[in-house]
Amino acid sequence: MKIKNLFLCFILTLFLTGCVKSAPKTHIQFATWGSKSEMQILKPILAQFELENPEIKVDLVHIPQNYFQKIHLLFASNLAPDVIFMNNLYLPIYASAGVLDEMQSDKNIFYSKSLKALSYDEKLYAIPRDISTLVVYYNKDIFNKYNVPLPSTYWSFSDFLILAKKLTKDTNSDGKTDIWGVGFEEDLLYWLPFLMSEGGGVLSDDLKTLIIDTPESRKGLNFYADLRKKYHVAPTKAESASATMAQLFLQGKLAMQISGRWLVPKYREDAQFDWNVINFPAGDNGSVVPLDASGWAIAKSSKHKKEARMLIKYLSSKESIEKFTNSGLIVPARIDVSQGKFINDTKPPKNSNVFIDVIKNSKNTPVSRNYREIQDNLKEKTNYIFN
């Protein structure tokens, strides 16, 4: 009888256990851009977050192309994701429209310039993941081959031009340049440091005045244009054809290239030569490069703000930022990560500390609500200047 009762209890327990439903998960949408390699870093982080927070399910919305155009449509359709990866160039559009939640952060954890970049009207609207600045990449093998001294930390625009001239080579004597002293990009990001280093820029710091036509700005812009048009140390559109500057650098056709940290993973994998980085040269106003930042924002319309903040706290933790940093993809906005594994990385470039050193003299890019429109207008005008 006892055995029978025990058996019935066992069956009853199984039945009741099977009928118990697990608690429903809270779904939060998280929108981001990112390459395939970046997604390979992000997805395991999200999976671990879900493991540690089983009551939350993160629905990843990966938008690799036309990101902000699609984010804008989602906001317009009242379908904004709960968490949105954001950069400082677009943040003023959404912050001024009142569609982002205000954020709070410990100022001792992140570089102050990264927090400033993701603020609008002195209110923080995104927690920073990374800082974006510009440095000069150089092909050390080309310098050594032609016995040209390597660039120095204290070099000037004049020094930069002298090196570019010495490194521009017609190696086959066919009348065509085979190695260029420096690359040439027409996007505003790449020529803005030439203006800033001369004391100019595009927008005034109070965002009220266009300063692109000041003598300082014109001096910087003309110097950059002359690299291609007057001195012929940079390739024209026709000469670079369909190749990007990164492709030309990897092909050994560029001695120097102005760019950001995002190229490091590709160069680590594909470069068949010795390469390194150095800070941007100095103009009359010193060596000044624009500083931008990316981070995570929360839509004001989100119905799951508690969970959204939990996710952002996890993504911006030291452990998560280290995972993004270890790939070489980003300059971390967290001070503790930048002073740890980042500067002690044994992988190239040897001078990784340069990415951190330039933060001190960098300048937050002055960005207004209509900054994209200003960029588009400048593109038309500079196309004539550059070409």
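The following exercises, with worked solutions, concern a predicted model of a single chain.

**Exercise 1. Overall description**

Determine how many helices and strands the chain has, and what share of its residues count as buried.

*Solution.* The secondary structure comprises 17 helices and 12 strands. Of the 387 residues, 50% count as buried. The C-alpha trace spans about 105 × 45 × 40 Å along its principal axes. The exposed area is about 19,700 Å², and carbon and sulfur atoms supply 52% of it. For contacts between residues at least 6 apart in sequence, 72% join residues at least 24 apart. Finally, the chain carries 48 positive and 41 negative charges, whose mean positions are 5 Å apart.

**Exercise 2. The faces of helix H13**

Establish which residues of helix H13 (residues 305-315) are buried, and where they lie around the axis of the helix.

*Solution.* Begin with the list: Glu307, Ala308, Leu311, Ile312, Tyr314 and Leu315 are the buried residues of H13. Next, look down the helix axis: these buried residues fall within an arc of 160°, so they line one face of the helix. The last step is to turn to the other side of H13, where Lys306 and Lys313 are exposed.

**Exercise 3. Helix H14 and its cover**

Identify the buried residues of helix H14 (residues 318-326) and the elements included in what covers them.

*Solution.* The buried residues of H14 are Ser320, Ile321, Glu322, Phe324 and Thr325. Their cover includes the helices H2 (36-52), H13 and H15 (335-342). It also includes the strands E6 (127-132), E10 (290-298) and E11 (331-332). Just after H14, Gly328 has a positive phi of about 90°.

**Exercise 4. Aromatic pairs**

Classify the ring pair of Tyr67 and Phe68, and then that of Trp155 and Phe160.

*Solution.* A pair of aromatic rings is described by the distance of the centres and the angle of the planes. The whole structure contains 28 aromatic pairs. For Tyr67 and Phe68, the centres are 4.9 Å apart and the planes stand at 85°; the pair is therefore edge-to-face. Tyr67 has a relative accessible area of 6% and is buried. Phe68, at 10% relative accessibility, also counts as buried.

The rings of Trp155 and Phe160 are 5.6 Å apart centre to centre, with 70° between the planes, and this pair is edge-to-face. Both Trp155 and Phe160 are buried. They belong to a cluster linked by ring pairs, with Phe157, Phe184, Trp191, Phe194, Phe223, Tyr224, Phe280 and Phe386 as the further members.

**Exercise 5. Backbone geometry in loops**

Locate Asn78, Leu207 and Pro349, and state what the backbone does at each.

*Solution.* Most residues other than glycine have a negative phi, and most peptide bonds are trans. Against that background, take each residue in turn.

- Asn78 lies in the loop between helix H3 (67-76) and strand E3 (83-87). Its phi is positive, near 60°. With a relative accessibility of 71%, Asn78 lies over the 50% cut-off, so Asn78 counts as exposed.
- Leu207 is in the loop between helix H8 (188-196) and helix H9 (215-229). Although Leu207 is not a glycine, its phi is positive, about 65°. A relative accessible area of 33% makes Leu207 partly exposed.
- Pro349 is placed in the loop between H15 and helix H16 (353-357). The peptide bond from Pro348 to Pro349 is cis, and its omega is near 5°.

Terms used: Residues numbered from 1 in each chain as written. Predicted model: local features only at pLDDT ≥ 70, side-chain atom pairs only at ≥ 80, totals over all residues. Heavy atoms only, no water. Helix = DSSP H or I, 4+ residues; strand = E, 2+ residues; numbered from the N terminus. Buried < 20%, exposed > 50% of the residue type's maximum accessible area, 1.4 Å probe, protein only. Contact = heavy atoms within 4.5 Å. Areas by Shrake-Rupley, 256 points an atom, 1.4 Å probe, with all protein chains shown as cover. Lys, Arg positive; Asp, Glu negative; His and termini not counted. Charge placed at Lys NZ, Arg CZ, Asp CG, Glu CD. Arc of directions from axis to C-beta. Phe/Tyr/Trp six-rings, centres within 6.5 Å; stacked < 30°, edge-to-face > 60°.
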